[in-house]
Amino acid sequence: MVSRITLTILLLAAFRAQAQDEAPVAEPLLVRGSVAISPGFMTQRPLTNIYVVGKLEVFADERISWRGEGLWYIGNQQDSPLLEQNSQITFGPFVHFTHKRLDFALGIEPGVALTRPGMDSTFLESAPLRAIPNMALCGGLTFAVWDYFQFFIDARYTHANYTGPYSNLIPLDEVLLGAGLGWQVPVKRLLKK
């Protein structure tokens, strides 16, 4: 029994060492993706919005990638919500700084949000659903575990304003945090095989 456990541990350690040496961190045609539940902390009000965030990223080379993100607003944690809807789509360039299996990335993502304030907002009547331009500054750290999986932690600051039918303005600035397990596909490596 002890010898089986020892053999299993040795095999897992050998597999882990091999996977760590070959794990793609940032290379041309590396495709990354993930889905996570992320809280968004509004900077102007003590509110926490909840989003399902999906990311898809394609590397142009070792230092530059293009990332698109979709944020689906699913609600908030307060009794009187500020927003009924605040789903977003963004896309932009990222620059990467890598060391072994670690990848630190910074980027900027312009986008659009479909936003509708809730009934308890500053408007006198129900506000319409509007497409609002937004801008996000993003940073993240990725740890490549294996050819096809990576752990990530991201932070993004999103700036947007909702202008209503009576010229009332609702600032929608928020900080979103996300973390989890993502997937990656080294397309260039697969094409060489």
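A polar contact is a pair of N or O atoms within 3.5 Å; within protein, one of the two must be able to donate a hydrogen and the other to accept it. With that in hand, welcome to a predicted model in which eight strands close into a barrel. His96 makes a good place to begin looking, since a polar contact of 2.6 Å joins its side chain to that of Ser65. From there the tour goes on to the strand pairs and to the salt bridges that link them.

**The chain as a whole**

- The chain's secondary structure amounts to two helices and ten strands.
- Read from the N terminus, the order of elements is α-β-β-β-β-β-β-β-β-β-β-α, with a helix at the start and another at the end of that run.
- Of the chain's 193 residues, 41% count as buried.
- Taking contacts between residues at least 6 apart in sequence, 60% of them join residues at least 24 apart.
- The chain has an accessible surface of about 10700 Å², and carbon and sulfur atoms account for 66% of that surface.

**The barrel**

- Going round the closed barrel, the strands come in the order β1-β2-β3-β4-β5-β6-β7-β10, and the pairing is antiparallel.
- From one strand to the next, the twist averages 25°.
- In a regular strand, side chains alternate between the two faces of the sheet.

**Strand pairs to trace**

- β1 (residues 30–42) and β2 (residues 48–59) run antiparallel to each other, paired over eleven bridges.
- Five residues make up the hairpin connection from β1 to β2.
- To find your place in this pair, look for Gly33, whose bridge partner in β2 is Leu56.
- On to the next pair: β2 and β3 (residues 64–76) are also joined in the antiparallel sense, over eleven bridges.
- Four residues lie between β2 and β3 in their hairpin.
- A handy marker here is Tyr51, which stands opposite Tyr73 in β3.
- β7 (residues 149–159) pairs with β10 (residues 174–186) in the antiparallel sense, over ten bridges.
- In that pair, Ile153 faces Ala179 of β10 as its opposite number.

**Around His96**

- His96 belongs to strand β4, which spans residues 83–99.
- His96 counts as buried because its relative accessibility is 1%, and the cut-off for buried is under 20%.
- Besides the contact with Ser65 at 2.6 Å, the His96 side chain has a polar contact of 2.9 Å with the side chain of Asp103.
- Leaving aside neighbours within four places in sequence, the residues in contact with His96 include Arg32, Glu57, Phe59, Glu62 and Arg63.
- That list of contacts also includes Ile64, Ser65, Asp103, Phe104 and Ala105.

**Salt bridges across the barrel strands**

- Side chains of opposite charge can pair when their charged atoms come close.
- In this model the count of salt bridges comes to ten.
- One of them joins the side chains of Arg32 and Glu57, at 4.0 Å from N to O.
- Arg32 lies in β1 and Glu57 in β2, 25 residues apart, and the pair links distant parts of the chain.
- Arg32 and Glu57 are both buried.
- Another salt bridge brings together the side chains of Asp154 and Lys55, with 2.2 Å from N to O.
- This pair connects distant parts of the chain as well: Asp154 sits in β7 and Lys55 in β2, with their positions 99 residues apart in the numbering.
- Asp154 counts as buried because its relative accessibility is 13%, and Lys55 is buried too, with a relative accessible area of 14%.
- Arg156 and Glu69 also meet through their side chains in a salt bridge, at 2.9 Å from N to O.
- Here the link runs from Arg156 in β7 to Glu69 in β3, distant parts of the chain that are 87 residues apart.
- Both Arg156 and Glu69 are buried.
- Through shared partners, salt bridges join Arg32, Glu57, Arg67, Glu69, Asp103, Glu109 and Arg156 into one network.
- Among the members of that network, Arg32, Glu57 and Asp103 are also in contact with His96.

Key:
Residues are numbered from 1 along each chain as its sequence is written. This is a predicted model: local features need pLDDT of at least 70, side-chain atom pairs count only at pLDDT 80 or more; totals for chains, interfaces and linings use all residues. Side-chain values use heavy atoms; hydrogens and water are left out. Two strands pair if DSSP finds at least two bridges between them. Axes are lines fitted to C-alpha atoms, for helices over the stretch in contact, and angles run from 0 to 180 degrees between N-to-C directions. Buried means under 20% relative accessible area, exposed over 50%, partly exposed in between (1.4 Å probe, protein chains only). Contact means heavy atoms within 4.5 Å. Accessible areas come from the Shrake-Rupley method with a 1.4 Å probe; for residues, only the protein chains shown count as cover.
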